[in-house]
Amino acid sequence: MEKFFKLKENGTSVSTEIVAGLTTFFTMAYIIAVNPSILSQTGMEWGAVFLATIIASIIGTLIMGLVANVPYAQAPGMGLNAFFTYTVCFGLGFTWQQALSMVFICGLINILITVTKLRKYIIKAIPKSLQNAIGGGIGVFVAYIGLLNVGIISFDSGVPAIATLNQPALWLFLIGLVLTIVLLVCNVKGAILIGIIVTAIIGIPMGVTATGDTVSFTDACAALPTTLGAIFTAQGLPSLFTDVAKLPLVLITIFAFSISDTFDTIGTFIGTGRRAGIFSEEDEKTMETSSGFKSKMDKALFADATATSIGAIFGTSNTTTFVESASGIGAGGRTGLTSVVVAICFAISAFLATFVSAIPMAATAPALVVVGVMMTSAFKEIDWEDFSEAVPAFFAGLFMALCYSISYGIAFGFISYCIVRICKKEAGRIHPIIWVASILFILNFVLLAVI
């Protein structure tokens with residue numbers, strides 16, 4: 001195990017990696033129940049999506065851990081599943097089989113741009129100031145996810161406000177947040193995981209930690225054939241191209257899926273991997289000079305690219321690298337062993353879904369908040385006194401949280417960076433890839449507005 005994962009070389013140990021894997025799993029386990037709840041609205045079987053979610057997460061995460069040896073977990077992404085259901089199926093009128101087919105094609109496109117090193121070149125082209133802004137912005141985004149998950153921020157009055165503290169879940173969240181902060185300040189090993197477990201236990205007498213209603217493993221297995229391979233039936237891929245008049249809409253939708261998936265992943269890797277030293281300068285040099293997939297970043301990008309198509313075959317929306325992986329990295333995870341632990345937990349959850357779903361958001365939200373605090377340290381590397389540097393950094397960091405999307409934050413950062421450089425008559429400093437990416441983002445916004 002030491003030889004395979006290179007634990008000492010990465011400054012970690014088996015126990016640390018196990019704790020990190022458990023931490024990541026518990027902060028993202030909500031996807032097991034939430035994803036089928038969203039996708040089943042399109043007519044897909046709840047049990048089928050439930051099992052497809054777990055299978056896609058296991059395969060994607062194992063590829064990330066065993067091939068790339070990095071501590072990232074994969075699962076169907078939030079936001080992309082909502083786009084799948086409410087925009088593609090409800091808004092545009094596509095069937096769920098057609099939507100899955102477009103996700104599959106999106107995955108193939110991601111594999112293509114990864115094999116051709118395009119995603120790698122995009123990462124290299126991003127200015128350091130924006131890289132730090134993305135890192136800090138993801139910190140704000142992760143913390144915001146935690147706050148929204150537990151409902152501590154209320155929108156009842158039409159504007160964001162602190163919710164009225166009249167719910168047990170809110171008090172449990174505050175207890176867990178204070179507990180986790182105290183454990184971290186006191187340098188207790190495994191502080192974040194301990195915080196999740198203790199908070200969940202405290203939630204039992206409060207009535208917050210309770211088992212949920214889910215289908216049995218047997219029922220899920222019986223339902224899986226309804227989505228497994230559905231994209232290869234007449235209602236799937238072939239049906240996308242029978243109506244020539246609808247072809248432009250199909251291409252636009254695939255483009256929207258792809259650009260969001262690509263930049264969500266790039267943002268997550270930049271925001272978490274660089275700061276924690278998972279993707280070191282030496283690794284970046286290897287990525288620049290080597291052919292094939294020899295660097296960690298190359299392998300991680302390829303692992304992420306393959307997961308989307310695999311997930312679509314089983315019956316779920318885009319499988320992507322989860323930003324909640326930051327919680328495990330914050331707990332000390334540095335190698336693929338963390339990912340393997342997450343994958344094992346997902347496998348077990350297929351049989352113990354009722355108990356896994358008992359861990360409330362109020363117990364995992366504090367972990368996301370404190371990890372967000374840790375990650376915002378990247379902001380200190382930005383020259384805030386230079387307004388031309390501050391503007392793109394501010395927009396990139398701010399819009400990730402406000403738009404609930406890493407890719408949208410990057411979009412506003414890129415576009416404002418181009419505007420600033422043009423105004424300063426420094427257009428020559430803008431990398432061609434940033435130009436192209438900014439134009440594609442603008443095109444994406446226009447197309448989404450039109451459709």
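The following chat goes through some helices and loop residues of a predicted model.

Reader: Before we start, what kind of model is this, and how are residues numbered?
Author: This is a predicted model, in which local features need pLDDT of at least 70 and side-chain atom pairs count only at pLDDT 80 or more, while totals for chains, interfaces and linings use all residues. Residues are numbered from 1 along each chain as its sequence is written, and side-chain values use heavy atoms, with hydrogens and water left out.

Reader: OK, how do H2 and H10 cross?
Author: The axes of helix H2 (residues 14-28) and helix H10 (residues 191-202) come within 9 Å and cross at roughly 45 degrees; axes here are lines fitted to C-alpha atoms, for helices over the stretch in contact, with angles running from 0 to 180 degrees between N-to-C directions. Helices (H or I, at least four residues) and strands (E, at least two) are DSSP runs, numbered from the N terminus. H2 and H10 are therefore oblique to each other, given that angles under 35 degrees count as roughly parallel, over 145 as roughly antiparallel, 65 to 115 as roughly perpendicular and the rest as oblique.

Reader: And which residues meet there?
Author: From H2, Val19, Leu22, Thr23, Phe26 and Thr27 meet Ile192, Leu193 and Ile196 of H10, where contact means heavy atoms within 4.5 Å. By class, this contact of H2 with H10 has 6 nonpolar, 2 polar and no charged residues; Ala, Val, Leu, Ile, Met, Phe, Trp, Tyr, Cys and Pro count as nonpolar, Asp, Glu, Lys and Arg as charged, and the others, Gly among them, as polar.

Reader: What else do the buried residues of H10 pack against?
Author: They pack against H2, H9, helix H16 (325-330) and H19, and the buried residues of H10 are Ala191, Ile192, Leu193, Gly195, Ile196, Thr199 and Ala200. Buried means under 20% relative accessible area, exposed over 50%, and partly exposed in between (1.4 Å probe, protein chains only).

Reader: Since H19 came up, how many of its residues are buried?
Author: H19 is mostly covered, with 12 of its 15 residues buried, among them Pro366, Leu368, Gly372 and Met375. At 1.5 Å a residue, the 15 residues of H19 (residues 361-375) should span 21 Å, and its end C-alpha atoms are 21 Å apart, which agrees; the expected span is 1.5 Å times one less than the number of residues.

Reader: What about H8, and what follows it?
Author: H8 (residues 128-150) should span 33 Å with its 23 residues, and its end C-alpha atoms are 34 Å apart, which agrees. H8 is also mostly covered, as 18 of its 23 residues are buried, and Gly151, whose phi is positive at near 80 degrees, follows H8.

Reader: Switching to loops, which residue between H9 and H10 has an odd phi?
Author: Asn187, in the loop between helix H9 (168-185) and H10, has a positive phi near 55 degrees although it is a residue other than glycine. Most residues other than glycine have a negative phi. Asn187 is exposed, with a relative accessible area of 69%.

Reader: And Lys6, where does that lie?
Author: Lys6 lies in the loop between helix H1 (2-5) and H2, and Lys6 too is not a glycine but has a positive phi, of about 55 degrees. Lys6 is partly exposed, with a relative accessible area of 41%.

Reader: Last one: is Ala48 buried or exposed?
Author: Ala48, in helix H4 (residues 46-68), is buried, with a relative accessible area of 0%. Leaving aside neighbours within four places in sequence, Ala48 is in contact with Ala220, Ala223, Leu224, Thr226 and Thr227.
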